[in-house]
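Let's take a walk through this protein together, starting from one spot and working outward. Keep the viewer open as you read.

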Amino acid sequence: MTLLLDLLRNAVLAAVPAVGFGMAFNVPVRILGWCALGGALGRSLRLLLTSAGLPVAWATLLAAAAVSWLGVWAAQRLRAHPKVFTVAAVIPMVPGVPIFTAILALSEIQRGGLTYELLATAVTASLNAAFIVAALAVGLAVPGLFVFRRRPVV
């Protein structure tokens with residue numbers, strides 16, 4: 001029951017920035033609901049996969065791919081570009097906490113000197129954020145490569 005409430009809360013809280021960034025990117029009003037659905041789906045799927053034991057970078061890759069597949073499917077139905085649906089929808093999965101942790105550790109190193117703990121924190125958080133951002137990029141790109149290919153994959 002707690003996981004279900006967490007999924008619902010994450011879905012609602014992810015839909016809000018997805019719609020907000022959709023509005024900032026001048027997404028048509030009729031597509032904002034799809035942006036909200038994509039943001040809610042991606043964030044909830046990532047939470048579900050991480051609670052099942054998958055590392056956050058792999059869960060982000062699968063969630064971004066799911067959002068991208070939804071965007072490709074909706075784009076064909078509504079005659080719009082898939083990025084209209086997907087870019088705003090993956091923004092709730094951007095790794096803000098690891099980036100902030102890395103920046104905070106780097107500023108502490110600059111202010112108080114280099115220690116092993118601060119360096120380990122900065123490197124770990126930076127790599128974690130980099131892997132999550134790479135997973136978002138690859139997850140967004142892969143479905144389009146399969147759908148919009150001119151030659152067969154195999």
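Leaving aside neighbours within four places in sequence, which residues is threonine 86 in contact with? Before the answer, a word of care: what you are looking at is a predicted model. With that in mind, pick out threonine 86 and you will find that its contacts beyond those close neighbours are Val67, Ser68, Gly71 and Leu140. Threonine 86 itself sits in helix α4. Is threonine 86 buried or exposed? With a relative accessible area of 1%, threonine 86 falls under the 20% cut-off, so it counts as buried.

One of those partners, serine 68, is a good next stop. Serine 68 belongs to helix α3, which runs over residues 56–78. Its relative accessible area is 2%, so serine 68 is buried too. If you again set aside neighbours within four places in sequence, serine 68 is in contact with Thr86, Gly139, Leu140 and Pro143. Notice that Leu140 appears in the contacts of threonine 86 and also in those of serine 68.

Now zoom out to the whole chain. The protein chain has six helices and zero strands, and reading along the sequence gives the pattern α-α-α-α-α-α. Taken along the principal axes, the C-alpha atoms fill a box of roughly 55 × 40 × 35 Å. Of the 154 residues in the chain, 34% are buried. Among contacts between residues at least 6 apart in sequence, 68% join residues at least 24 apart. On the outside, the chain exposes about 9300 Å², and carbon and sulfur atoms supply 72% of that area.

Next, follow the chain from its beginning into helix α1. This helix covers residues 2–24, which makes 23 residues. From first C-alpha to last, α1 reaches 33 Å, close to the 33 Å expected at 1.5 Å a residue. Which residues of α1 are buried? They are Leu7, Asn10, Ala11, Ala14, Ala15, Ala18 and Gly22. These buried residues pack against α2 (29–51) and α4 (82–90), and α4 is the helix that holds threonine 86. After α1 comes asparagine 26, whose phi is positive, near 60 degrees.

Let's finish with the charged pairs. How many salt bridges does a search of the whole structure find? The search finds two.

One of them is in α1, where aspartate 6 pairs with arginine 9 and the closest N and O atoms are 2.7 Å apart. Why might these two side chains be placed to meet? Aspartate 6 and arginine 9 are three residues apart in helix α1, so about one helical turn separates them. An α-helix has 3.6 residues a turn, so residues three or four places apart point the same way. Aspartate 6 is partly exposed, with a relative accessible area of 23%, and arginine 9 is partly exposed as well, at 48%.

The other salt bridge joins the side chains of glutamate 108 and arginine 111, at 2.8 Å from N to O. Here too the partners are three residues apart, this time in helix α5 (residues 96–112), so they are separated by about one helical turn. Glutamate 108 counts as partly exposed at 28% relative accessibility, whereas arginine 111 has a relative accessible area of 63% and is exposed.

Note on methods:
Residues are numbered from 1 along each chain as its sequence is written. This is a predicted model: local features need pLDDT of at least 70, side-chain atom pairs count only at pLDDT 80 or more; totals for chains, interfaces and linings use all residues. Side-chain values use heavy atoms; hydrogens and water are left out. Helices (H or I, at least four residues) and strands (E, at least two) are DSSP runs, numbered from the N terminus. The expected span of a helix is 1.5 Å times one less than its number of residues. Buried means under 20% relative accessible area, exposed over 50%, partly exposed in between (1.4 Å probe, protein chains only). Contact means heavy atoms within 4.5 Å. Accessible areas come from the Shrake-Rupley method with a 1.4 Å probe; for residues, only the protein chains shown count as cover. A salt bridge is a side-chain nitrogen of Lys or Arg within 4 Å of a carboxyl oxygen of Asp or Glu.
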